[in-house]
Amino acid sequence: MKIAVLGGDGIGPEVTRESVKLLELLKREGLPLQLEEALIGGCAYDATGHPLPAATMALARNADAILFGAEGGFTYESLPRGLRPGDALLTLRKELDLFANYRPAKAFDELIGASPFKPSVIDGLDLLILRELTSDVYFGEPRGISTERGKRVGRNTMYYHEDEIARIAHVGFRAARGRRKKLCSVDKANALEAMELWRAVVDEVAPEYPDVELSHLYVDAAAMTLVRNPRQFDVIVTGNIFGDILSDEAAMLAGSIGMLPSASINAQGKGLYEPVHGCAPDIAGKNVANPLASILSTAMMFRQSFARADIADRIEGAVRSVLASGLRTADIMEPGARLVGTSQMGDAVVAAMAASRR
Ligand code: IPM
Ligand code: MG
């Protein structure tokens, strides 16, 4: 099990460090884990002049799984396109063809008070957003900023090939099959041709999964339904840009974006595991960030890349027991709970994990 550890920028390295503590424990327990670190994002740009150095790309290619932190920062936003930290992540996704992005949103009972939503709306929430990650307006051509008759125009292209739609639809149906057997495909077929094709292709794939109940929603209605009655969803399958937006919305249902893990998988089962939160430069280096999204991403790694659901269950159980014991980072703090920093939260999860073996 060779894992590329790419902490990146902002709070990325500090939350990733807590996952690494957990991986080191599993190593001591005898698991054949091999960890190798490399630079990505702004820190890689500072050190090498490129946000995705060749050595990092090679390591990512050779690893069985990638544990990613975050990338970005105020100082890099004015760099030319291609050299910005975000471009490194997009290139990694594209080069490794990590097309299936799993973003589960689950309300932990222990955190029901941390969500801005009423308990009656989110109690028992358990949904999965499956976001297509390697196409859409993110990668479509033509694109760019140019000049037309002396005025600047910005242009991006929403593009979907039918094979790209079909393969994410299959992943969606299979994911629903393993859950509550409901799949909701989200598009904008009423206004956009690329999305009209999306809906048609999802409908064409559907007969292969007669046991899964398929529905369709336009993205605006989906955004509304997500806050009105989120528990009606099981699996949502959607394109790259709508999935980006809806998954941040779903994060707030679950209490805090600091709790949300994700997995981006290719056809060979290689995965990149990353917390949904970004680099949060305002709180970086202060030991206040919530490491649980990274730790829960590590759990997803064991479930999806290494077929070790037993270890994933142990990690998730350790997180739950630490929350039940009343420890909270600032983002999920409630009256009566005990405020801890990033490393204390990580240590507590590692201790609970170690105890769960005995
Ligand atoms: C995400 C992020 C990225 C995206 C950015 C950093 C390019 O928002 O992973 O959701 O839009 O995909
Ligand atoms: Mg996003």
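Partly exposed describes a residue whose relative accessible area lies between the buried limit of under 20% and the exposed limit of over 50%. The legends below use the word in that sense, and they describe a predicted model.

**View 1. Glutamate 148 and arginine 155 form a salt bridge.** The closest N and O atoms of this pair are 2.9 Å apart. Glutamate 148 has a relative accessibility of 31% and therefore counts as partly exposed. Arginine 155, with a relative accessible area of 35%, is partly exposed as well. The model holds 22 salt bridges by the rule applied here.

**View 2. A salt bridge links lysine 2 to glutamate 36.** The N to O distance between the two side chains is 3.9 Å. Lysine 2 belongs to strand 1 (residues 2–8) and glutamate 36 to strand 2 (residues 34–37), so the contact ties together parts that are 34 residues apart in sequence. Glutamate 36 is partly exposed, at 37% relative accessibility.

**View 3. Arginine 308 pairs with aspartate 310, and alanine 307 has a positive phi.** In the salt bridge between arginine 308 and aspartate 310, the closest N and O atoms are 2.8 Å apart. Both partners are partly exposed: arginine 308 has a relative accessibility of 27%, and aspartate 310 has one of 41%. Elsewhere, Asp126, Arg179, Arg180 and Asp234 are joined into one network by salt bridges that share partners. Alanine 307 is not a glycine, yet its phi is positive, at about 50°. Alanine 307 sits in the loop between helix 10 (292–304) and helix 11 (309–324). Its relative accessibility of 67% makes alanine 307 exposed.

**View 4. Four acidic residues make a negative patch on the surface.** The members of the patch are Glu162, Asp163, Asp203 and Glu204. At least two of the patch residues come from helix 6 (162–177), and at least two come from helix 7 (193–205). Glutamate 204 is located in helix 7. With a relative accessible area of 55%, glutamate 204 is exposed.

**View 5. Cysteine 43 and cysteine 279 are too far apart for a bond.** A disulfide is a covalent bond between the sulfur atoms of two cysteines. Under the rule used here, a pair of cysteine sulfur atoms must lie within 2.5 Å. For cysteine 43, the closest cysteine sulfur is that of cysteine 279, at 11 Å, so the gap is too far for a bond. Seen from cysteine 279, the closest cysteine sulfur is in turn that of cysteine 43. The disulfide count by this rule is zero. Cysteine 43 is partly exposed, with a relative accessible area of 21%, whereas cysteine 279 is buried, at 10%.

**View 6. The loop between strand 5 and strand 6 contains a cis peptide bond and a positive phi.** The cis bond joins glutamate 141 and proline 142, with omega at about 0°. Proline 142 lies in this loop, which runs between strand 5 (126–132) and strand 6 (144–148). Aspartate 136 is in the loop between strand 5 and strand 6 too. The phi of aspartate 136 is positive, near 75°, in a residue other than glycine. Aspartate 136 is buried, with a relative accessibility of 1%.

**View 7. Helix 4 has six named buried residues, and a positive phi follows the helix.** Helix 4 covers residues 85–95, and its buried residues are Pro85, Asp87, Ala88, Leu89, Leu92 and Arg93. Aspartate 97, just after helix 4, has a positive phi of about 55°.

**View 8. Alanine 250 and methionine 259 are two buried residues.** Alanine 250 is part of helix 9 (residues 240–253). The relative accessible area of alanine 250 is 1%, so this residue is buried. Between the C-alpha atoms of alanine 250 and leucine 125 the distance is 10 Å, with 125 residues separating the pair in sequence. Methionine 259 occupies the loop between helix 9 and strand 11 (263–265). Methionine 259 is buried, with a relative accessible area of 2%. The C-alpha atom of methionine 259 is 18 Å from that of alanine 352, a residue 93 positions away along the chain.

Definitions and conventions:
Residues numbered from 1 in each chain as written. Chains lettered and ligands numbered in written order. Predicted model: local features only at pLDDT ≥ 70, side-chain atom pairs only at ≥ 80, totals over all residues. Heavy atoms only, no water. Patch = residues over 30% accessible without salt bridge, like charges linked within 9 Å, V, L, I, M, F, W, Y side chains within 5 Å. Areas by Shrake-Rupley, 256 points an atom, 1.4 Å probe, with all protein chains shown as cover. Lys, Arg positive; Asp, Glu negative; His and termini not counted. Charge placed at Lys NZ, Arg CZ, Asp CG, Glu CD. Helix = DSSP H or I, 4+ residues; strand = E, 2+ residues; numbered from the N terminus. Buried < 20%, exposed > 50% of the residue type's maximum accessible area, 1.4 Å probe, protein only.
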